[in-house]
Amino acid sequence: MVRANGAVSLRELARVVQTSEVTVRRDVRALEAEGLLDRRHGGAVLPGGFTRESGFPQKSHLATAEKTAIADVAAGLVEEGEAIVVGAGTTTQELARRLARVPGLTVVTNSLLVAQALAHANRVEVVMTGGTLRGSNYALVGSGAEQSLQGLRVSRAFLSGSGLTAERGLSTSNMLSASVDRALVQAAAEVVVLADHSKLGTDTMFQTVPTDVITRLVTDEPAAHDERAATELQALADQGVQITVAGAAARGPGGSAGAERQARRDVPLPGQRRGGPPGPGGVAPQLRSAAGLGAPDPGESRAAARVADLRRR
């Protein structure tokens, strides 16, 4: 699977071989010792994966349920009549499919996949950057893309990437993609990062968004035993990033699948973030359980059964 996809998550490996993530993690450690792959937090990549980037066909099959849950929650952050920018990626493509239902929306993007998802949305205006087509992820990059973003100002930027750490922020493996993503960030008042659990703790070659510029992270719920993911999320929160955790099996009213719209909250601009503990110890119930910090308050569990906001302690 690693040879075919370039990267794979431990959760996906465990599902395919029908065993526990603990067993898979041990086997991956042994394969790394033999030089057959490199471990990354939440998954594994081919040797030399620090600079290697998988193409769209490979990425589109990774963490599909998680990306769907993330996109559902992220779409709930967008209001009618907003102007936003959406970067390239398979997770942002999922978001775009849901934005087609938001009336009066203007979406600026350098992604052909995002534009395609919105092509038949009559109430959404799509503005594409210029640039040179990068075929591996169907994105427009280069000086043409960056120049077309000069002078632009929108409310939010929705971006994905190859890795996310509290120390370095969002990063990617390609220099041209990183440069355009930085230009997208400059155009937005708020920056929302969409990253599934396999990207947490992973650091790649080119930084795109420093941690102190990220307003909010939308990610999926880490496995109950994944203390490292919970620790990484808390470290991000400690630096002022608001974190929304979406369960991969999120359900709407009546048990039907679909977007679960969270209560609206004010999201401060970068550099003006406000913080407040979401519960005992400042840790959201899901993350408290995942980190083995004891049982959450029953009221909190009901209020944040699938989506939790984690703010700076």
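This passage looks at the salt bridges of a predicted model, at the helix that hosts several of the residues involved, and at one loop residue. The model being predicted, local features need pLDDT of at least 70 and side-chain atom pairs count only at pLDDT 80 or more, while totals for chains, interfaces and linings use all residues. Residues are numbered from 1 along each chain as its sequence is written, and side-chain values use heavy atoms, with hydrogens and water left out.

Searching the whole structure turns up seven salt bridges, a salt bridge being a side-chain nitrogen of Lys or Arg within 4 Å of a carboxyl oxygen of Asp or Glu. As a general matter, side chains of opposite charge can pair when their charged atoms come close.

R98 is a good place to start. It pairs with D72, and the closest N and O atoms are 2.5 Å apart. This pair links distant parts of the chain, with R98 in helix 6 (residues 90-99) and D72 in helix 5 (residues 64-75), 26 residues apart. Helices (H or I, at least four residues) and strands (E, at least two) are DSSP runs, numbered from the N terminus. Both R98 and D72 are buried, where buried means under 20% relative accessible area, exposed over 50%, and partly exposed in between (1.4 Å probe, protein chains only).

R98 also bridges to E94, with 3.1 Å between the closest N and O atoms. E94 and R98 sit four residues apart in helix 6, so about one helical turn separates them. An α-helix has 3.6 residues a turn, so residues three or four places apart point the same way. The relative accessible area is 16% for E94 and 14% for R98, and both count as buried.

Another bridge joins E190 to R156, the closest N and O atoms being 3.2 Å apart. E190 belongs to strand 12 (residues 188-194) and R156 to strand 9 (residues 154-159), so the pair ties together parts 34 residues apart in sequence. Both of these residues, E190 and R156, are buried too. Elsewhere, shared partners join D72, E94, R97 and R98 into one salt-bridge network.

Back in helix 6, nine of the ten residues are buried, so the helix is largely enclosed by the rest of the structure. Among those buried are T90, Q93, L95 and L99.

Q150, in the loop between helix 8 (143-148) and strand 9, is exposed, with a relative accessible area of 62%. Q150 and A187 are 37 residues apart in sequence, and their C-alpha atoms are 7.6 Å apart in space.
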